[in-house]
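These are my notes from going through the model. I took helix packing, then a buried acid, a loop residue and the salt bridges.

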Amino acid sequence: MNKPVLSVSPVVLPAPGRAVDLAVRVSAPVTGDELPIILLSHGQGHSNHLSSLNGYAPLVNHWAARGFAVIQPTHLSSATLKLDLANPREPMYWRSRAEDMTRILDRLDAIEAAVPYLRGRLNPDKVAVAGHSMGGHTASLLLGARLTDPYDGKETDLAEPRIKAGVLLGAPGRGGDALTETVARNWPFFLSMDFSAMTTPALVVAGDKDDSAHLTVVGARWHADPYVLAPGPKSLLTLYGAEHGFGGISGYDVAETTDENPERVAAVQRLTWAYLRSELHPGDPAWQEARDALTTGTGAIGRVESKV
């Protein structure tokens, strides 16, 4: 089932009005047509390069080897670009991050033309988004979550209808009194996060030891909010013992992983792939089979719950 993977970067898309042009990495199996697409939004880790198009190889390689084309942008918030994250108009470039994904979908023809052997192989009708940490916030907005822009006081709707499914890994939860004072003061766009309109199907992945005390005062359950507070159809994968790195999904053997666990990474790989496979190919049994495998035998690594 696994296929060799072709990965090309940077593919640079002109982006008038953006601080720099948009650079992406494209990874795809060397064979196969009608490839479904995963747009992957990076987080804001401590490293210099993982939070860019160069991160998340454990997930990217797994998804691409099993039939997906994975497109990874370097968002303006990436440490590689050294831009001011405290931009008063758009802290953490939260809006730009989501707009990057829409720009990518608008320019799939240019991406196909720039990557050898890719032309005519992408299926623009089968698109998913995945995001880790701050990338989970970006993915939430694309899936339909909304917030009030603290700069102008207007409700922001960045939902992207071309995206048919999503995976949120360690995504931020609700705002208000769930946030630390530091986050509320410095990143006020988190304050009004509203999941009630996030109707696109999604798998929310949360670690039961991911307390994220620098962000929230309510502990690990905060990361389940995109499941709890959003309408169905949604699924929640809770991984036992997992912290924010989910065993090491942001890169192979990276120092910032606090819960290194290859078995946990393998579970995230299998379950996220299976979920997106079944969502983008209705009737495919991959997701049900992966759920069944998670709960059989002894020493379960996590649990899944769903709502319609």
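**Helices H2 and H4**

I began with the pair H2 and H4 (residues 134-143), whose axes come within 9 Å and cross at roughly 60 degrees. I noted the crossing of H2 and H4 as right-handed. From H2, the contact takes in Trp94, Arg97, Ala98, Met101 and Thr102. From H4, Met134, Gly135, His137, Thr138, Leu141 and Leu142 take part. I sorted the residues of this contact into six nonpolar, four polar and one charged. The model is a predicted one, and I read every value here as computed from it.

**Surroundings of H4**

Next I asked how many residues of H4 are buried. The count is 10 of the 10 residues, so H4 is largely enclosed by the rest of the structure. Among the buried residues I listed Gly136, Ala139, Ser140 and Leu143. I then looked up what the buried residues of H4 pack against: H2 is one partner, and the strands are S3 (35-41), S5 (122-132), S6 (146-148), S8 (165-169) and S9. Just after H4 I found glycine 144 with a positive phi of about 125 degrees.

**Aspartate 100**

I stayed with H2, which spans residues 94-106 and holds aspartate 100. Is aspartate 100 buried or exposed? Its relative accessibility is 1%, so I entered aspartate 100 as buried, the cut-off being under 20%. The side chain of aspartate 100 makes a polar contact of 2.8 Å with the side chain of histidine 75. Leaving out residues up to four places away in sequence, I found aspartate 100 touching Arg18, Leu22, Thr74, His75 and Leu76.

**Alanine 197**

I moved on to the loop between helix H5 (181-186) and strand S9 (202-207), where alanine 197 lies. I entered alanine 197 as partly exposed, at 25% relative accessibility. Which residues does alanine 197 touch, not counting those up to four places away in sequence? I found Leu143, Gly144 and Arg146. Alanine 197 and arginine 146 are 51 residues apart along the chain, yet their C-alpha atoms are separated by 7.2 Å. Of the residues touched, Leu143 belongs to H4, and glycine 144 is the residue with the positive phi.

**Salt bridges**

I counted 10 salt bridges. I looked up three pairs and one network.

- Arginine 264 and aspartate 259 form a salt bridge, with 3.1 Å between the closest N and O atoms. Arginine 264 is buried at 7% relative accessible area, and aspartate 259 is buried, also at 7%.
- Arginine 174 and aspartate 177 meet through their side chains at 2.9 Å, N to O. Arginine 174 is partly exposed at 28%, whereas aspartate 177 is exposed at 63%.
- Arginine 107 and aspartate 109 form a salt bridge with the closest N and O atoms 3.9 Å apart. That value is within the 4 Å cut-off, so I kept the pair. Arginine 107 is partly exposed at 30% and aspartate 109 is exposed at 53%.
- Asp106, Glu160 and Arg162 are linked in a network of salt bridges. I noted that residue 106 is also where H2 ends.

Technical notes: Residues numbered from 1 in each chain as written. Predicted model: local features only at pLDDT ≥ 70, side-chain atom pairs only at ≥ 80, totals over all residues. Heavy atoms only, no water. Buried < 20%, exposed > 50% of the residue type's maximum accessible area, 1.4 Å probe, protein only. Helix = DSSP H or I, 4+ residues; strand = E, 2+ residues; numbered from the N terminus. Polar contact = N/O pair within 3.5 Å; in protein donor to acceptor, adjacent residues only side chain to side chain. Contact = heavy atoms within 4.5 Å. Axes fitted to C-alpha atoms, helices over the stretch in contact; angles between N-to-C directions. Left-handed = near helix turned anticlockwise from the far one by under 90°. Nonpolar A, V, L, I, M, F, W, Y, C, P; charged D, E, K, R; others polar.
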